[in-house]
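Me: I have a new structure open and don't know my way around it yet. Can you walk me through it?
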Amino acid sequence: MISIIICSRNSNISSELRQNIAETIGCEHELVIIDNSTNNYSIFNAYNEGVKRSKGEILCFCHDDILFRSSHWGNAVTALFKDDLIGVIGVGGSHFMSSSPIYWSFLPFISQFGLTTDKGVVTRDDYRQFFLGHLADVVAVDGVCFFIPKVLFESIRFDDKTYSGFHAYDMDISMQVQSLGKRVCVTDVLTVEHFWSEDSMKNPSYAKMLDNNMNLFCQKWRNRLPIVRGINEPETVIKRLNNLCIQAYDATKVRKSKAYRLGHLLLKPFKIFK
């Protein structure tokens with residue numbers, strides 16, 4: 001059985017999503033809905049609670065703003081987990097993680113299969129150049145939808161001691177699973193449509209929370225970063241790429257600093273002499 005764990009921003013998930021799951025999953029399942037309408041939970045707390053309540057052998061963690069666009073996807077995912085070495089299966093993820101606090105989707109070398117709907121515009125995210133069959137090994141999966149065998153939660157948990165809020169949970173749990181010697185993978189056996197807008201990334205509070213958790217992630221896993229999975233790039237290329245990521249992050253941090261903004265403001269009047 002698959003337990004579908006959803007941290008809902010409302011007291012319950014939409015009837016559309018509930019019906020969509022029932023009509024497409026194709027196998028025995030249960031819904032474990034964590035009511036976060038009053039924002040009592042971080043995503044880490046909510047998912048840990050969901051794990052405790054769940055009864056399935058496979059746990060699916062997904063957002064409340066998605067729809068499944070494949071038939072019998074539950075059977076397809078269950079079949080992939082017949083390989084005992086696989087610890088996580090997602091629909092998107094990164095093959096490279098830098099030692100600088102940059103979120104995985106901003107990095108090169110990603111594999112992703114699904115749909116994104118932003119203000120009614122549908123984009124197909126189809127990046128499968130690193131797939132072997134229906135799988136690609138990655139460092140970390142995207143939190144929009146991913147699966148983990150419940151038995152692994154005897155050794156792992158969503159780290160609500162280090163983090164708060166709603167970011168880096170997917171990357172951190174992926175690193176924990178890898179620490180157990182298991183594979184972290186992206187698959188194309190199911191299609192998930194995510195109703196999400198890039199505009200949310202421009203929200204200052206969202207960006208601050210993301211930046212904070214990414215810094216915590218890099219501190220926690222500093223002895224294992226940078227890390228690469230599922231691609232064959234020379235060590236010199238990865239080292240150079242990591243250095244470029246560090247330089248880019250440092251430059252962005254400088255531009256956001258109060259000293260830089262003040263200097264930019266003070267120099268602004270002199271631009272008329274250029």
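Me: Where does H72 lie?
Reply: H72 sits in the loop between β4 and α3. Keep in mind that this is a predicted model.

Me: What is the phi of H72?
Reply: Phi is positive at H72, about 55°, although H72 is not a glycine.

Me: Which other residue, not a glycine, has a positive phi?
Reply: F109 is one, with phi near 65°. F109 is in the loop between β7 (96-97) and β8.

Me: Is F109 buried or exposed?
Reply: F109 is partly exposed, because its relative accessible area is 22% and buried would mean under 20%.

Me: Back to α3, after that H72 loop. Which residues of α3 are buried?
Reply: W73, G74, V77 and L80. They cover an arc of only 125° around the axis, so they are on the same side of α3.

Me: And α1, which residues are buried there?
Reply: In α1, residues 15-24, the buried ones are L17, N20, I21 and T24. They line one face of the helix, because they fall within an arc of 95° seen down the axis of α1.

Me: What covers the buried residues of α1?
Reply: The cover includes β1 (2-8), β2 (29-35), β4 (66-68) and α3 (73-80).

Me: Which exposed residues are on the face turned away?
Reply: S15 and E23 are the exposed residues carried by the face of α1 turned away from its buried side. Just after α1 comes G26, with a positive phi of about 75°.

Me: You mentioned β2. What does I34 touch?
Reply: I34, found in strand β2, touches I6, C7, S8, Y41, A46, E49, G50 and R53, leaving out residues up to four places away in sequence. I34 counts as buried, because its relative accessibility is 0%.

Me: How far apart are I34 and A46?
Reply: Their C-alpha atoms are separated by 6.3 Å, and the two residues are 12 apart along the chain.

Me: New topic, pockets. What is the volume of the largest pocket?
Reply: The largest pocket has a volume of about 1,200 Å³. It is lined by 46 residues, of which H63, D142, H194, W196 and Y206 are the closest to its centre.

Me: Which element gives the largest share of the lining?
Reply: β8, with 7 residues. Elements that each supply at least two residues include α2 (43-53), β9 (121-127), α4 (169-179), β14 (192-195) and α5 (204-220).

Me: How many of the lining residues are nonpolar, polar and charged?
Reply: The lining has 23 nonpolar residues, 15 polar and 8 charged.

Me: Next, aromatics. How many aromatic pairs are there in the whole structure?
Reply: A search finds 15. One of them is Y103 with W104, a tilted pair at 6.0 Å centre to centre, with 50° between the planes.

Me: Are Y103 and W104 buried or exposed?
Reply: Y103 is buried, with a relative accessible area of 15%. W104 counts as buried too, at 2% relative accessibility.

Me: Which residues do ring pairs link into a cluster?
Reply: F44, Y47, F61, F146, F153, F158, Y163 and Y169.

Me: Last one. Which peptide bond is cis?
Reply: The bond from L225 to P226 is cis, with omega near 0°. P226 is placed in the loop between α5 and β15 (227-228).

How values were computed. Residues are numbered from 1 along each chain as its sequence is written. This is a predicted model: local features need pLDDT of at least 70, side-chain atom pairs count only at pLDDT 80 or more; totals for chains, interfaces and linings use all residues. Side-chain values use heavy atoms; hydrogens and water are left out. On a 1 Å grid over the protein atoms alone, a cavity is a set of points where a 1.4 Å probe fits but cannot get out, and a pocket is an open set with protein on both sides within 12 Å along at least five of seven lines; lining residues have an atom within 4 Å of a point. Grid points are joined across faces, edges and corners, and a volume is the space filled by probe spheres set on the points. Helices (H or I, at least four residues) and strands (E, at least two) are DSSP runs, numbered from the N terminus. Ala, Val, Leu, Ile, Met, Phe, Trp, Tyr, Cys and Pro count as nonpolar, Asp, Glu, Lys and Arg as charged, and the others, Gly among them, as polar. Buried means under 20% relative accessible area, exposed over 50%, partly exposed in between (1.4 Å probe, protein chains only). The arc is that of the directions from the helix axis to the C-beta atoms. Contact means heavy atoms within 4.5 Å. Rings of Phe, Tyr and Trp (its six-membered ring) pair if their centres lie within 6.5 Å; planes under 30 degrees apart count as stacked, over 60 as edge-to-face and the rest as tilted.
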